[in-house]
Amino acid sequence: MTMSNAPPLRVENLTIAIDGASVVDGVSFSVAAGEVVALVGESGCGKSLTALALLGLLPGAARIVRGRVMLDEVDLASLPEGKMRHLRGREISIIFQEPTASLDPLATVGSQIAEAYALHHRVSRSEARTKAKEMLVAVGIPDAGRRLGQYPFELSGGMCQRIMIAIALICDPRVLVADEPTTALDVTIQAQILDLMKRLVAERGTGIVFITHDMGVVADIADRVAVMYAGRIAEVAPVDHLFARPCHPYTALLLAAVPRLDLKPKQLLATIEGKVPAAGDFNDGCRFADRCPLAGERCRVETPPLVELGRGHRTACWHADRVAALAGSAA
Amino acid sequence: MTGLHQVLDVRDVAVHFTPRGGRIGRPQPTVKAVDGVDLLIGAGETLGLVGESGCGKSTLSNAIVGLVPPTRGSIKIRGQEIAGATRETLHAVRSHVQMIFQDPVLSLNPRATIGAAIAEPLIVRRIATGPALKERVAALLAKVGLRAEHASRYPHQFSGGQRQRIVIARALALEPALVLCDEPVSALDVSVRAQILNLLVDLQRRMGMSYLFVSHDLSVVRHISDQVAVMYLGRIVEQASRDVFFAAPKHPYARALMSAVPEANPVAQRAKRRVILSGELPSPTNVPRGCPFHTRCPIVTEICARERPLLTPRPDGALVACHHA
């Protein structure tokens, strides 16, 4: 595998349309080796569609109409399915929220992990099985030999997610896309899985695109964060910057809506008035304008570009300089 | 509260299930979903009940509204015993206790207008009819931030957050003394969750009802509760006032739970020392002897496998069931 300094995954101006509405609009971000980039946002912001597009797994109605998904030197967005198959699972993998829904209930977990390896390598069954066992150990499953012969229903949700991670990483891909991988798990199990993912990233140098709606999970695992709203990236920043100094009103309000340690009990939380515009109902300007306390004339007619504020912190807001005051009053 | 009844008084309640079926001659193992729980909730108070999947928190709240009969123990709502009560008594008591569940879609009849849904308890209890009923429904809609003209619409015409408001309006129709909220905000987006939490807090201030707030989310519980109780395998392992609990949880399970909740603060999150629990939750058909937590406990000793620790008071008022905490 060639390791250059360029980030292995570069998403450039990705635009996905359903029935002519751009549900993902001009999304750009990159993921370096060993880096965890969180895509965060609420239902319908386009984060999961973005994740699926990276793997060429968009549902029928959705199409990439513009932009590139560069994995090293290959544009995955324009790759025919036959070629995509060679890369999927080997160079780029995905895990989902509900591990039991992703596993075949009629096959042993051992055979499912081995299959993922054998698909991309010319190996004997026993070699693939040995590799599968190593992988089980790597994802922290005790008694790996016995577990190989078990079926998904015999394992808990947390165990099944470890199996999914084992399948996703057995070929040592450059990039792992994780779509809400801990949302269905209890908090103590979530903590185990997050720790496991952090360890694997450090050991293997895999880049992770981590999709979540949970700001706590973002704070725990991400190196950088992209906040999405109505199909666009509102703000990108290193994780510490984003939480300490949000520069988009949506980010600021979202953070203020989370109950925090320093709030008084039963103190009113910040809320965001109105609701996310439906696809096809977007105005010409900033898509957050109708709900934004800072919005003015310009916001409704002119889309704000994602502007660099320094140290990798970028925001798409005409009033970024006034967000600090908003964050202060909301909290 | 002396002289007055607590809104909710639960003593030594157990709910055991013995599954039917199975192979002939082989008794099925009993599921001890709730096994000896005490709880008190005073007027206008919120008790946050925390625990992970399978700890029995939902079974306990079902027992409190009389949806499952307790195997033993006493459940009193405003002094009225509901364990073993007749249908008539249950019917009378239930107007004082209402429920809100996680998924409002499942709680609303898709073919009934929301006006009809909210009016139903008032009709069943013969509280209002005709124009007076219409007025009551409009007032309830207003209380939860919806408009009177919404009454003629159907559940699918609303967003998730609005549907949860509708369910809340229906729960308030009979002006209950106690509302059981079973994960009421877990299915909602962050910004909508904040709106619903604000609404619950505001309604409590105005109407003075008590909440039993069941949740797996400690940050939400910390925000809304006056008292906190932590359940593990059907038992309460720690109970304390909000401030005492969050200042220093004492039971090793409560500590692990707290350390596992990711805080929306990356700097604090990195500094945090996590107690990672080994292993998984044992099955409630096979609760470990002694302390139910001893199979996963980081400070386990020999006595823990032998003797079940009782909830005992600590100097700061917390009740903790642990030999070593």
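**View 1. Four strands of chain A line up in an open sheet.** In this predicted model, the strands of the sheet run in the order E2-E1-E4-E5 (chain A), and their pairing is antiparallel. At the edges sit strand E2 (21-31) and strand E5 (74-75) of chain A, each of which pairs on one side only. Zoom in on strand E1 (residues 9-18) of chain A, and you'll find seven bridges tying it to E2(A) in the antiparallel sense. One residue pair to look for here is A:Ile16 with A:Val24, its bridge partner in E2(A).

**View 2. A:Leu76 sits in a loop of chain A.** The loop in question links E5 and helix H2 (81-87) of chain A. Is A:Leu76 buried or exposed? A:Leu76 has 22 other C-beta atoms within 10 Å, and 20 or more is the mark for buried, so it counts as buried. Which residues does A:Leu76 touch, once its neighbours within four places in sequence are set aside? They are A:Leu54, A:Gly56, A:Val69, A:Leu71 and A:Met84. You can also pick out A:Arg88, 12 residues away from A:Leu76 in sequence, with 10.0 Å between the two C-alpha atoms.

**View 3. Two helices of chain A cross.** Here we have helix H4 (residues 109-118) and helix H7 (residues 157-169) of chain A, whose axes come within 8 Å and cross at roughly 20°. Because of that angle, H4(A) counts as roughly parallel to H7(A). As for handedness, the crossing of H4(A) and H7(A) is right-handed. On the H4(A) side, look for A:Val109, A:Gln112, A:Ile113 and A:Ala116; they meet A:Ile163, A:Ala166 and A:Ile167 in H7(A). Sorted by type, the residues in this contact come out as six nonpolar, one polar and no charged.

**View 4. Strand E9 of chain B is wrapped up by its surroundings.** How many of the six residues of strand E9 (residues 227-232) of chain B are buried? Six of the six are, so E9(B) is largely enclosed by the rest of the structure. In a regular strand, side chains take turns between the two faces of the sheet. Along E9(B), B:Gln227, B:Ala229 and B:Met231 point one way, while B:Val228, B:Val230 and B:Tyr232 point the other way, and all are buried.

**View 5. E9 of chain B and its strand partners.** Strand E3 (residues 46-50) of chain B pairs with E9(B) in the parallel sense, over four bridges. In that pairing, look for B:Val50 opposite B:Val230 in E9(B). With strand E10 (residues 235-241) of chain B, E9(B) pairs in the antiparallel sense, over six bridges. B:Gln227 has B:Ser241 in E10(B) as its bridge partner. E9(B) and E10(B) make a hairpin, with two residues between them. Check the turn for B:Leu233, which has a positive phi of about 45°.

**View 6. Chain B meets chain A.** At this interface, 33 residues of chain B are in contact with 36 residues of chain A. On the chain B side, helix H7 (190-207), helix H8 (218-224), helix H10 (252-260) and helix H11 (266-271) each supply at least two residues. Which element gives the largest share of that side? H7(B) does, with seven residues. By type, the chain B side of the interface divides into 16 nonpolar, 10 polar and seven charged residues.

Key: Residues numbered from 1 in each chain as written. Chains lettered and ligands numbered in written order. Predicted model: local features only at pLDDT ≥ 70, side-chain atom pairs only at ≥ 80, totals over all residues. Contact = placed C-beta atoms within 7 Å. Nonpolar A, V, L, I, M, F, W, Y, C, P; charged D, E, K, R; others polar. Axes fitted to C-alpha atoms, helices over the stretch in contact; angles between N-to-C directions. Parallel < 35°, antiparallel > 145°, perpendicular 65-115°, else oblique. Left-handed = near helix turned anticlockwise from the far one by under 90°. Pairing = 2+ DSSP bridges. Buried ≥ 20, exposed ≤ 12 C-beta atoms within 10 Å, placed from the backbone.
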